[in-house]
Amino acid sequence: LTSSNTINASADNQSYCQQPTSLIIKTMRSPILALALLAATASARQAPFVKPALAARAKSSSSVQSSKSALDVTSALTTTDVNTNIAIRGGDDDASLSMSARFKIGGYFSLWYILNVVYNILNKKYLNVISAPLTVGSLQFLVGSLYCIILWTTKLRAPPILTPSGKTAVNKVGFYHMAGQELSMMSLNAGAVSFTHIVKALEPFFSAMVSGVIFGKWMNPVVYATLIPVVGGVAYACLKERAFSWLAFYTAMGSNLAFALRAVVSKSALDASGGELGENLTSVNLFGIVTCYAFIQSIPLFLMGEGLSFIQLWKDALPNSSTYELVKGLVISGLFHYLNNEVMYLALSNVHPVTLAVGNTMKRVFIVVASVVVFRTPITVQAAIGSAVGLGGVLLYSLTKQYYEELEKNQAA
């Protein structure tokens, strides 16, 4: 992991790793904290304290559907693959939404984009100071877990209750969520933010392959054909990328595989449980539980992978910063990581899957552009063209897949 590929990997690292740690804090002024507070308020208000009882499946179909949609939304956390069994309140009635509803949805998307972009920038700057991606990723899980526990204990959010089958399902989803996020952290640590997200545009390809090979669900050949520009565009962008790093590439690809496996495992676990996972399982509540499981499972990983090197890196950073600043940077980056996903769920629950596909593609474009501007990462014309083709292919894949799924649904009806 310490080969020359890693050392020469990223223009982001070259630009920032020698600057004082206080650079992180300069980004975290009151507007950023206000943004985090706004997101926390919005997500907390989505889950009033309601405690429906578990009943027989025939008598609680609405509760079962709520549990199903929650887990399926969790499986779509960082993929652009949209499953037809996700319950979307917006549905086909997006065109008839009131003006206030449109403003609310626009606010969710704007907040989601901003939180995601800010998280990627803050996270990269923190890793430039303390290069321990596995430990930092685990501590970010801890921040998200503590945030949820505070909401549950203060009754600001109805505490979830899992059945035994629900615990098994969430444990499996949490493992792949942890693996995908930790591999993403390793990729971001080894390479440029823009490079990592270019490679992660291949997520639909992995999702489609895993769904077919492991789950046995194959799609229309036309849908697979739309993956050609995705693979070709990403390959063309990476061919002569100045910030290319084999470690960043391999770990980003591993992250794609882990998140694809998470989607498949979550669906199979849900089917095995019969949909009865527990009580108060809103999408944000279920993601909170998954985050708690991911933190617990990440502890052995960072201890084996990085040991106590984090402590020495922390000490090395102290001459340029205080302990308070380092803790503050870690807490805020962890909070932004968690809240960006929660706000995404609020957007998911109010729009049609096609709208989500477009929004997910645009989100990645914003991240790539913002990282290039902030870190002044040199990007070649070839990389820009390849990225555009790849991201365009992602959008085409999402729309085509949705079209054929709707066609199959109508034919079956």
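This is a short talk on salt bridges, aromatic pairs and helix packing in one structure.

Okay, hi everyone. One thing up front: this is a predicted model, so please hear every number as computed from that model.

Let's start with charges. How many salt bridges does the structure hold? It holds 4, and I'll walk through some of them.

My pick to open with is Glu342 and Arg157, with the closest N and O atoms 2.9 Å apart. Where do these two sit? Glu342 is in helix α16, while Arg157 is in the loop between α7 (133–153) and β1 (161–162), so this salt bridge ties together parts that are 185 residues apart in sequence. And are they buried or exposed? Glu342 is buried, and Arg157 is buried too.

Next up, Lys200 and Glu203. Their side chains meet in a salt bridge at 3.1 Å, N to O, and both residues are buried.

Then there's Lys409 with Glu406, where the closest N and O atoms are 3.9 Å apart. The cut-off for a salt bridge here is 4 Å, so a pair at 3.9 Å still counts. These two are 3 residues apart in helix α18 (residues 381–412), so about one helical turn separates them. Lys409 comes out at 43% relative accessibility, so it counts as partly exposed. Glu406 has a relative accessible area of 24%, and it is partly exposed as well.

Back to helix α16 for a minute, which covers residues 323–348. Glu325 lies in that helix, and a polar atom of its side chain is 3.2 Å from the backbone nitrogen of Ser322. Glu325 has 23% relative accessibility, so we call it partly exposed.

Further along α16 you'll find Ala347. With a relative accessible area of 1%, Ala347 is buried. What does it touch, once you skip residues up to four places away in sequence? Tyr108 and Phe109. There's also a long-range pair here: the C-alpha atoms of Ala347 and Lys104 are separated by 8.9 Å, and the two residues are 243 apart along the chain.

Phe109 gets us onto rings. Together with Trp112 and Tyr113, Phe109 belongs to a cluster linked by ring pairs. In total the structure has 13 aromatic pairs. One of them is Phe175 with Tyr176, an edge-to-face pair with 5.2 Å centre to centre and 80° between the planes. The edge-to-face label needs planes over 60 degrees apart, so 80° qualifies. Phe175 has 40% relative accessibility and counts as partly exposed; Tyr176, with a relative accessible area of 22%, is also partly exposed.

Last topic, helix packing. Phe175 is among the α8 residues that meet α14. How do those two helices cross? The axes of α8 (residues 164–190) and α14 (residues 283–305) come within 7 Å and cross at roughly 60°, and the crossing is right-handed. If you want to click through the contact, the α8 side includes Lys167, Val170, Gly174, His177 and Glu182. On the α14 side, look for residues including Leu286, Ile289, Tyr293, Gln297 and Leu301.

So, if you open the model afterwards, I'd start with Glu342 and Arg157, the buried pair, and then go to the α8 and α14 crossing. That's it from me, thanks.

How values were computed. Residues numbered from 1 in each chain as written. Predicted model: local features only at pLDDT ≥ 70, side-chain atom pairs only at ≥ 80, totals over all residues. Heavy atoms only, no water. Helix = DSSP H or I, 4+ residues; strand = E, 2+ residues; numbered from the N terminus. Buried < 20%, exposed > 50% of the residue type's maximum accessible area, 1.4 Å probe, protein only. Polar contact = N/O pair within 3.5 Å; in protein donor to acceptor, adjacent residues only side chain to side chain. Phe/Tyr/Trp six-rings, centres within 6.5 Å; stacked < 30°, edge-to-face > 60°. Axes fitted to C-alpha atoms, helices over the stretch in contact; angles between N-to-C directions. Left-handed = near helix turned anticlockwise from the far one by under 90°. Contact = heavy atoms within 4.5 Å.
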